[in-house]
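New to this one? Here's a quick briefing to read alongside the sequence and the 3D view.

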Amino acid sequence: MPSRDSLTVETPEFMLAALEQAPDAVIVVDSDGRVRHFIASSQPITIGGEAHVVSYIRDVSELNRLSDALTQSEERFRGLVEGLSDAVYRMSLPDGRYEYLSPAAIDVFGYSAREFMEGPLSIREIIHPDYADYFQEMWKGLVQGRMAPRYEYKVTDPEGCDRW
């Protein structure tokens with residue numbers, strides 16, 4: 001391939017040389033001063049014995065902005081939730097796997113968030129026997145897509161004491 005200095009913008013060789021030196025992610029400041037983010041992918045091809053470049057360039061500025069906004073929102077939510085004295089959780093259904101449980105779990109249930117995260121349906125194991133039927137009914141409703149505005153039941157902590 002000729003040296004980059006000897007190539008003109010019109011030649012596929014120049015494009016290939018430029019793309020070989022360019023990263024896959026490109027940041028550009030447009031004429032309005034806005035920062036734009038692009039991803040680019042290029043592949044050399046030969047058509048009729050002539051070298052060409054096929055390129056795909058996508059403006060991902062909005063995706064980056066949305067991703068940043070989502071990250072900030074998640075950080076604000078986590079800060080709010082982790083400051084509550086109530087246990088807050090996110091669980092996948094129907095398997096009952098905890099995806100998130102706030103640190104207050106230890107104060108509410110006597111078990112750490114980690115203990116819940118490591119044992120799917122562990123809440124079922126600590127439900128007080130007097131509330132087993134209620135729990136089963138509520139669980140069945142959850143799996144069928146019915147969510148009560150709140151759940152209230154007694155649990156037994158690691159020392160065998162009852163907690164509300």
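The notes below go through a core, a pocket, a cavity and a few single residues.

Keep in mind that this is a predicted model. Its largest nonpolar core has 16 residues, its largest pocket holds about 600 Å³ of space, and its largest cavity holds about 150 Å³.

**The nonpolar core**

- Within the 16 residues of the largest nonpolar core, the ones with the most contacts inside it are F109, F116, I123, I126, I127 and V155.
- Five elements each bring at least two residues to this core: β5 (97-101), α3, α4 (113-118), α5 and α6.
- The biggest contributor is α6, which gives three residues to the core.
- As background, nonpolar side chains tend to be buried together in soluble globular proteins.
- F116 is a handy place to start looking: leaving out neighbours within four places in sequence, F116 is in contact with Y98, L101, A105, F109, Y111, S122, I123 and I126.

**The largest pocket**

- The largest pocket takes in about 600 Å³ of space. It's lined by 19 residues, and A87, Y89, R150, Y151 and Y153 are the closest to its centre.
- Both β4 (89-92) and α3 (105-109) supply at least two residues of the pocket's lining.
- With three residues, β4 has the largest share of that lining.
- Sort the pocket lining by class and you get 15 nonpolar residues, four charged ones and no polar ones.

**The cavity**

- The count of cavities of 30 Å³ or more comes to one.
- About 150 Å³ of space lies in the largest cavity. Its lining is made up of 14 residues, with Y89, M91, I123, F135 and Y153 nearest its centre.
- β4, β5 and α6 are the elements that give two or more residues to this lining.
- Here α6 gives the most, with five residues.
- What classes of residue line the largest cavity? The split is 14 nonpolar, no polar and no charged.
- Two names turn up in both places: Y89 and Y153 are among the residues closest to the pocket's centre, and they're also among those nearest the cavity's centre.

**S102 and V81**

- S102 sits in the loop between β5 and α3.
- Is S102 buried or exposed? S102 has 1% relative accessibility, so it counts as buried.
- Beyond residues up to four places away in sequence, S102 touches V81, D86, A87, V88 and A113. One of these, A87, is among the residues closest to the centre of the largest pocket.
- V81 belongs to helix α2 (residues 61-81).
- V81 counts as buried too, because its relative accessibility is 3%.
- Setting aside neighbours within four places in sequence, V81 is in contact with V88, Y100 and S102.
- V81 and A104 are 23 residues apart along the chain, and their C-alpha atoms are separated by 9.2 Å.

**H128**

- You'll find H128 in the loop between α5 (122-126) and α6 (132-143).
- Why does H128 count as buried? Its relative accessibility is 12%, and buried means under 20%.
- Not counting neighbours within four places in sequence, H128 is in contact with K154, V155, T156 and D162.
- One of those partners, V155, is also among the residues with the most contacts inside the largest nonpolar core.

Key. Residues numbered from 1 in each chain as written. Predicted model: local features only at pLDDT ≥ 70, side-chain atom pairs only at ≥ 80, totals over all residues. Heavy atoms only, no water. Helix = DSSP H or I, 4+ residues; strand = E, 2+ residues; numbered from the N terminus. Buried < 20%, exposed > 50% of the residue type's maximum accessible area, 1.4 Å probe, protein only. Contact = heavy atoms within 4.5 Å. 1 Å grid on protein atoms, 1.4 Å probe; cavity = no way out; pocket = protein on both sides within 12 Å on 5 of 7 lines; lining within 4 Å. Points joined across faces, edges and corners; volume = space filled by probe spheres on them. Nonpolar A, V, L, I, M, F, W, Y, C, P; charged D, E, K, R; others polar. Core = buried A, V, L, I, M, F, W, Y, C linked by side-chain atoms within 4.5 Å.
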